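Work through the exercises below on helix packing. Each task is followed by a stepwise solution.

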Amino acid sequence: MRNQVYGFEAINARYRILGGKPASIADNNKYDLPALIEQLYTSKYEKNSEEGKLLSLAKRNGIATANAIPGYLEAKAYEDGSHQLLWMSTQQKVKVITDLLLLTSEDKLKVAPTFISTHGMSWGLLKKTYPWSLFLLILGIIGKEFMSSLIKYLSDYFAVGPFILSVLGF
């Protein structure tokens, strides 16, 4: 929303052209939806198609885009004096943005990247962590009984077992 073509300033400029007087909103009350989504899902959250990321993301999430037109067509509609078409597109995009924010807040937004690429998992990382993860899994399965037996055995050898057992709650 910081973009001069599609951001808050562009919205204000369009509103002024249509005869309105934009409300003044403090910068700390403005949120940049694309930047927020990028922080959560990487900059590749959606492909930048001919219809733009916003409408592509809306379609991926089953959000209606019937009256919304891509930005380059909005520019043409403005040049042609099709203010009704612009108004309908703007209204639809406001609805789209609202729905995308809701899905994002509920962690239900569908994006282009896979879960693994979004959350940083890779085959290389899996290969590096596999032995350690397997060890921790086995240790977790064996659990409290194994640890209790091991501590009791070591307590006989080091004579500190009762203290360790009481600290660990065994």
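The exercises treat two helix pairs.

The model is predicted, so local features need pLDDT of at least 70 and side-chain atom pairs pLDDT 80 or more, while totals for chains, interfaces and linings use all residues. Residues are numbered from 1 along each chain, and side-chain values use heavy atoms, without hydrogens and water.

**Exercise 1.** Describe how helix 4 packs on helix 5.

Step 1. Helix 4 spans residues 71-79 and helix 5 residues 83-105; their axes lie 8 Å apart at an angle of about 150°. Axes are lines fitted to C-alpha atoms over the stretch in contact, with angles from 0 to 180 degrees between N-to-C directions.

Step 2. That angle makes helix 4 roughly antiparallel to helix 5 (over 145 degrees).

Step 3. From helix 4, Gly71, Glu74, Ala77 and Tyr78 meet His83, Leu85, Leu86, Ser89, Thr90 and Lys93 of helix 5 (contact: heavy atoms within 4.5 Å). By class, the residues of this contact are 4 nonpolar, 4 polar and 2 charged.

**Exercise 2.** Which residues of helix 3 are buried, and how does helix 3 cross helix 5?

Step 1. In helix 3 (residues 53-60), Leu55, Ser56, Leu57 and Ala58 are buried (under 20% relative accessible area, 1.4 Å probe, protein chains only). These buried residues pack against helix 2 (33-41) and helix 5.

Step 2. The axes of helix 3 and helix 5 cross at roughly 60° and come within 10 Å. Helix 3 is therefore oblique to helix 5 (neither under 35, over 145, nor 65 to 115 degrees).

Step 3. Leu54, Leu55, Leu57 and Ala58 of helix 3 meet Lys93, Val96, Ile97 and Leu100 of helix 5. This contact has 7 nonpolar, no polar and 1 charged residues.

Methods: Helix = DSSP H or I, 4+ residues; strand = E, 2+ residues; numbered from the N terminus. Nonpolar A, V, L, I, M, F, W, Y, C, P; charged D, E, K, R; others polar. Buried < 20%, exposed > 50% of the residue type's maximum accessible area, 1.4 Å probe, protein only.
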